[in-house]
Amino acid sequence: MKLLKTLLPAAALALSVLLVPSSFATQWHMPTPYGDANLPTKIAYGFAEQIKESTGGELDIKVHSGASLMKHPEIPRAVRTGQVQLGEVFIGIMGNTHPIFKHDNIPFLATDYEQAQKLWQAAKPEIEKQLSKEGMILLYTVPWPAQSLYTKKEVNSLADIKGTKMRAYSPSTSRLADLMDTTPTTVQVPDIPQAFSTGIIDAMITSPSTGANGQAWDYLSHFTEVKAWIPKNFVVVNKRAFKRLDKDTQKAILDAAAAAEARGWSEVTAQEAKDTKTLADNGIVVSQPSTLLLNELQDIGVTMTEEWEAENPKALAPVLNNYRSE
């Protein structure tokens, strides 16, 4: 009996040692600003799942969608300071940090996916440089469908919406609203339905996905496909947290990031068509812009491009030159 009593604790200890590795799995937290129905969020879940599988569960990334962990504007600072290890951000929201982050919010600079990809490749080196200065590493980017105009009435020229309240969600969209002779009003995606219903905003320029996922037919009536620009989200990771990982885990993250980015660019066109059809199927009038409206917006795009370059010619002129020379 004495021998049995001696062996039992030893066996229990041995068993506990065998079970220890699973308890040492690392969990990271990844806030995202958009709901589960959006393509970028679906990709984020796939990204996290691939990493979990390829690391044998040793790195478990918990995706917090729909701004459930923190509000969108708080995510860049949270990643930078290590409050969370990584996060997804709409690139243009960081425009006040450095003007390079405004590159894909300039109307009519890049209006199709081929142009948007070229602009991204031209801007990427400066993006990575600025992120590194802030203690972050770029992992991947996902484009949104082209941005178009949502209103409560038919719009054939800017005069039709003059003086109304336009949703803004970045420094560039605020400037756009000014140049459209509307009042910029900051509203994040989860708050759009209430903002329209209560008269806080009267119009917005955003993707068909945002409208479809937010059931825009409940609070507005028209969608004019101006396709002014193609913005992107990017996923960034805290530099220190990433460098503390072993090389195999780092590779697993980078491989998953490459797969996520490829999926985003390959699926966005189908997503745009699907969500635009959803708008029309639910009663929203989907139309092409008048020549007058398109010309007015294109003129604003020229102005905003010139203003953007003037913010930091040394950093931005090479980006524009590289983009336009390809």
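## A walk through the chain

Start with everything on screen: the protein chain has 11 helices and 11 strands. Keep in mind that what you have open is a predicted model. Show the C-alpha atoms alone and turn the chain along its principal axes; they fill a box of roughly 95 × 45 × 30 Å. Colour by accessibility next, and you will find that 50% of the 326 residues are buried. If you like contact maps, take the contacts between residues at least 6 apart in sequence: 77% of them join residues at least 24 apart.

**Stop one: H2 against H9**

Select helix H2, residues 39-54, together with H9. H9 covers residues 247-281. Their axes come within 9 Å of each other and cross at roughly 150°, which makes H2 roughly antiparallel to H9, since angles over 145 degrees count that way. The crossing is right-handed.

Now bring up the side chains. From H2, pick Leu 39, Lys 42, Ile 43, Phe 47, Gln 50, Ile 51 and Ser 54. The partners on H9 include a run of alanines, among them Ala 252, Ala 256, Ala 257, Ala 259 and Ala 260. Also on the H9 side are Ile 253, Asp 255, Arg 263, Gly 264, Glu 267, Val 268 and Gln 271. Sorted by class, this contact has 11 nonpolar, 4 polar and 4 charged residues.

Zoom in on Gln 50, which sits in H2. Which residues does Gln 50 contact, leaving aside its neighbours within four places in sequence? Asp 255, Ala 256 and Ala 259. Gln 50 is partly exposed, at 31% relative accessibility. For a sense of distance, draw a line from Gln 50 to His 103: the two are 53 residues apart in sequence, and their C-alpha atoms are 30 Å apart in space.

Stay on H9 and click Thr 249, which belongs to that helix. Buried or exposed, with a relative accessibility of 12%? Thr 249 counts as buried, because the cut-off for buried is under 20%. Beyond its neighbours within four places in sequence, Thr 249 is in contact with Thr 55 and Leu 59.

**Stop two: Ser 209**

Go to helix H7, residues 208-213, and select Ser 209. This serine is buried, at 3% relative accessibility. Show what surrounds the residue: not counting residues up to four places away in sequence, Ser 209 touches Asn 38, Trp 144, Pro 145, Gln 271 and Asp 275. You have met Gln 271 already, as one of the H9 residues in the contact with H2. Add Met 30 to the selection as a far marker: Ser 209 and Met 30 are 179 residues apart in sequence and 22 Å apart in space, C-alpha to C-alpha.

**Stop three: H5 and its surroundings**

Select helix H5, residues 171-179, and highlight its buried residues: Ser 172, Thr 173, Leu 176 and Ala 177. Look straight down the axis of H5: these residues fall within an arc of 140°, so they line one face of the helix. The general rule behind such a pattern is that an α-helix has 3.6 residues a turn, so residues three or four places apart point the same way.

What do the buried residues of H5 pack against? Show strands E6 (165-168), E7 (183-186) and E8 (203-206), plus helix H10 (291-311).

Hide the strands and keep the two helices. The axes of H5 and H10 come within 11 Å and cross at roughly 135°, so the pair is oblique. This crossing is right-handed. In side-chain view, Ser 172, Arg 175, Leu 176 and Leu 179 of H5 meet Ile 300, Thr 303, Met 304 and Glu 307 of H10. That contact divides into 4 nonpolar, 2 polar and 2 charged residues.

**Last stop: positive phi**

A reminder before you select anything: most residues other than glycine have a negative phi. Step just past H5 to Asp 181, where phi is positive, near 65°.

Then jump to the loop between strand E3 (86-90) and helix H4 (113-133) and pick Phe 108. Phi of Phe 108 is also positive, near 65°.

Finish in the loop between strands E9 (222-224) and E10 (232-238), at Lys 227. Here phi is near 45°, again a positive value in a residue other than glycine. Lys 227 is partly exposed, with a relative accessible area of 33%.

How values were computed. Residues numbered from 1 in each chain as written. Predicted model: local features only at pLDDT ≥ 70, side-chain atom pairs only at ≥ 80, totals over all residues. Heavy atoms only, no water. Buried < 20%, exposed > 50% of the residue type's maximum accessible area, 1.4 Å probe, protein only. Helix = DSSP H or I, 4+ residues; strand = E, 2+ residues; numbered from the N terminus. Arc of directions from axis to C-beta. Contact = heavy atoms within 4.5 Å. Axes fitted to C-alpha atoms, helices over the stretch in contact; angles between N-to-C directions. Parallel < 35°, antiparallel > 145°, perpendicular 65-115°, else oblique. Left-handed = near helix turned anticlockwise from the far one by under 90°. Nonpolar A, V, L, I, M, F, W, Y, C, P; charged D, E, K, R; others polar.
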